[in-house]
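Let's walk through this structure together, from the overall fold down to single residues. Keep the model open beside you as you read.

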Amino acid sequence: LKLQENPPSTTSRKRKRRRQALRFNPPYNANATTDTGRKLLKLLNKHPPPGHDLHRLINKNSVKLSYSCMPNVQRLITSINQRALNEESLGTTVPQRTCNCRNQSGSLTRTQSNSHTVACPTSRGP
């Protein structure tokens, strides 16, 4: 028996494994009394069962729970409504964009007619 030494290969690299995590961000509500995070984790222990194909993707270890990433939904809705009411009461409206080009300075004239492809050299047109 002879010992054959293999030269160390320089092409082998250690594989980097990236974890795929699902994020669950329920909206914040101070009036909510249900502990949604605990209930979600209890459901994830049951469903899908360990033998199921989806269990390796959706389980307690792969789902990350966070409350601080989402804004308060009621505050968001009221701000949108207030903005719309203020525009109506002032009588000012935001002018509608008739050209959806990325290069706004390249557009010569912007009209709503079918001659947009001629007027705006950056558009592709039909």
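Buried residues, meaning those under 20% relative accessible area (1.4 Å probe, protein chains only), make up 11% of the 126 residues in the chain. Before going further, please note that this is a predicted model, in which local features need pLDDT of at least 70 and side-chain atom pairs count only at pLDDT 80 or more, while totals for chains, interfaces and linings use all residues. Residues are numbered from 1 along each chain as its sequence is written, and side-chain values use heavy atoms, with hydrogens and water left out.

Now for the fold. The chain holds three helices and two strands, which follow one another from the N terminus as β-α-β-α-α. Helices (H or I, at least four residues) and strands (E, at least two) are DSSP runs, numbered from the N terminus. Of the contacts (heavy atoms within 4.5 Å) with a separation of 6 or more, 43% are between residues 24 or more positions apart.

Follow the backbone to the loop between α1 (36-46) and β2 (63-65), and you will find P48 there. The peptide bond leading from H47 into P48 is cis, with omega near -15°. Further on comes α2, which covers residues 73-90. Its 18 residues reach 26 Å from first C-alpha to last, close to the 26 Å expected at 1.5 Å a residue (1.5 Å times one less than the number of residues). Just after α2, G91 takes a positive phi of about 80°.

Next, look for charge pairs. Side chains of opposite charge can pair when their charged atoms come close. How many salt bridges does a search of the whole structure find? The search finds one, counting a side-chain nitrogen of Lys or Arg within 4 Å of a carboxyl oxygen of Asp or Glu. The partners are D35 and R38, whose closest N and O atoms are 3.6 Å apart. R38 is exposed (over 50%) at 54%, whereas D35, at 36%, is partly exposed (in between).

D35 also helps to line the second largest pocket, together with P26, P27, Y28, N29, A32, T34, T36 and Y67. That lining divides into five nonpolar, three polar and one charged residue. The largest pocket has a lining of three nonpolar, four polar and five charged residues, including R17, R18, R19, R56 and K64.

Methods:
On a 1 Å grid over the protein atoms alone, a cavity is a set of points where a 1.4 Å probe fits but cannot get out, and a pocket is an open set with protein on both sides within 12 Å along at least five of seven lines; lining residues have an atom within 4 Å of a point. Ala, Val, Leu, Ile, Met, Phe, Trp, Tyr, Cys and Pro count as nonpolar, Asp, Glu, Lys and Arg as charged, and the others, Gly among them, as polar.
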